[in-house]
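Subject: Handing over a structure

Hello,

Here is the structure I promised to pass on to you. Have a look at it first, and then read on for what I found in it.

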Amino acid sequence: MERPELTLQLTIDCADPQRLVPFWLEALRYIPDPPPEGHASWRAYWEAIGVPEDELGEDAGELPESIVDPKGVGPRVWFQRVPEPKTVKNRVHLDLKVGGGRDVPLALRRERVDGEVARLTALGATILYAMDEPNGMDYYAVVLQDPEGNEFCLV
């Protein structure tokens, strides 16, 4: 039996997609996921394929709830509204690799990471802590939270 092509979507549970979408658009340098061709919105598409009104909710699909990499490389990210609040540390998190890797001198990686920390905190991220390994270790990262408290790292 032939298997269908595997694709990857990252789903982030949240209370308010409209609060997180603008933040993550900027953080990942993504764009809003356009609705399928021939449909004015995702809601219009979902209605056209028969998704029941009670599954859609009042404002589902009218404003962006998913974002995509404009280069087509990274995964689609969907911000799924859920009723319960975040209560514990994420078991999965994103590492935004902005430093350039270990081939880049530590001082330059630190400068790049700190620059991105400044940009994202201005957009609503909160710094949790830096992972700065003394004693000759060649590692630097900063752990942050998005506006709803989801952890992610800048490396």
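To start with something you can look up at once: which residue lies over the face of Trp42? The model is a predicted one, and in it the answer is Arg76, at 5.2 Å from the ring centre.

Arg76 is a good place to begin, as several threads meet there. The side chain of Asp33 makes a polar contact with the side chain of Arg76, at 2.6 Å. Asp33 itself sits in the loop that runs between strand E2 (31–32) and helix H2 (42–48). Is Asp33 buried or exposed? Its relative accessibility is 14%, and because buried means under 20%, Asp33 counts as buried. Setting aside neighbours within four places in sequence, the contacts of Asp33 are Trp42, Ser66, Ile67, Val68 and Arg76. Both members of the Arg76 and Trp42 pair are therefore among the residues that Asp33 touches.

Now for the overall picture. The protein has four helices and eight strands. Read from the N terminus on, the order of elements is β-α-β-α-α-β-β-β-α-β-β-β. The C-alpha trace spans about 60 × 40 × 30 Å along its principal axes. Of the 155 residues, 33% count as buried. Among contacts with a separation of 6 or more, 58% come from residues 24 or more positions apart.

Next, the sheet. Four strands make up an open sheet, in the order E1-E4-E3-E2, with mixed pairing. E1 and E2 stand at the edges with a single partner strand each, so one side of each has no neighbour in the sheet. Strand E1 (residues 9–14) and strand E4 (residues 76–81) run parallel and are joined by six bridges. One of the residues to look for here is Cys14, whose bridge partner in E4 is Arg81. Strand E3 (residues 66–68) pairs with E4 in the antiparallel sense, over two bridges. There, Ser66 has Trp78 in E4 as its bridge partner. Ser66 is also one of the residues in contact with Asp33, which links the sheet back to the loop we began with.

Leu10 is another residue of strand E1. At 23% relative accessibility, Leu10 counts as partly exposed. Beyond its neighbours within four places in sequence, Leu10 is in contact with Arg76, Val77, Trp78 and Leu94. The C-alpha atoms of Leu10 and Gly99 are 23 Å apart, with these positions 89 residues apart along the chain.

You may wonder about the cysteines. How many disulfides does the structure hold? The number is zero. Cys14 is in no disulfide, and the nearest cysteine sulfur, that of Cys153, is 20 Å away. Why is there no bond from Cys153 to Cys14? The closest cysteine sulfur to that of Cys153 is the one in Cys14, and 20 Å is too far for a bond. Cys14 counts as buried, at 2% relative accessibility, and Cys153 counts as buried too, at 8%.

The aromatic rings are worth a visit as well. The count comes to five aromatic pairs. One of them is Phe23 with Trp24: the ring centres are 5.2 Å apart and the planes stand at 90 degrees, so this pair is edge-to-face. Phe23 and Trp24 are both buried, and together with Phe152 they form one aromatic cluster. Elsewhere, the charged end of Arg110 sits over the ring of Tyr140, 4.2 Å from its centre.

One last stop is Asn150, in the loop between strand E7 (140–145) and strand E8 (151–154). At 11% relative accessibility, Asn150 counts as buried. Not counting residues up to four places away in sequence, Asn150 touches Ile12, Asp13, Leu20, Lys86, Asn90, Leu144 and Gln145.

If you would like a short route through the model, start at Arg76 over the face of Trp42, follow the polar contact to Asp33, and then trace the sheet in the order E1-E4-E3-E2.

Enjoy looking around, and best wishes

Notes: Residues are numbered from 1 along each chain as its sequence is written. This is a predicted model: local features need pLDDT of at least 70, side-chain atom pairs count only at pLDDT 80 or more; totals for chains, interfaces and linings use all residues. Side-chain values use heavy atoms; hydrogens and water are left out. Rings of Phe, Tyr and Trp (its six-membered ring) pair if their centres lie within 6.5 Å; planes under 30 degrees apart count as stacked, over 60 as edge-to-face and the rest as tilted. Buried means under 20% relative accessible area, exposed over 50%, partly exposed in between (1.4 Å probe, protein chains only). A charge sits over a ring if NZ of Lys or CZ of Arg is within 6 Å of the ring centre and within 35 degrees of the ring normal. A polar contact is a pair of N or O atoms within 3.5 Å; within protein, one must be able to donate a hydrogen and the other to accept it, and residues adjacent in sequence count only if both atoms are side-chain atoms. Contact means heavy atoms within 4.5 Å. Two strands pair if DSSP finds at least two bridges between them. A disulfide is a pair of cysteine sulfur atoms within 2.5 Å.
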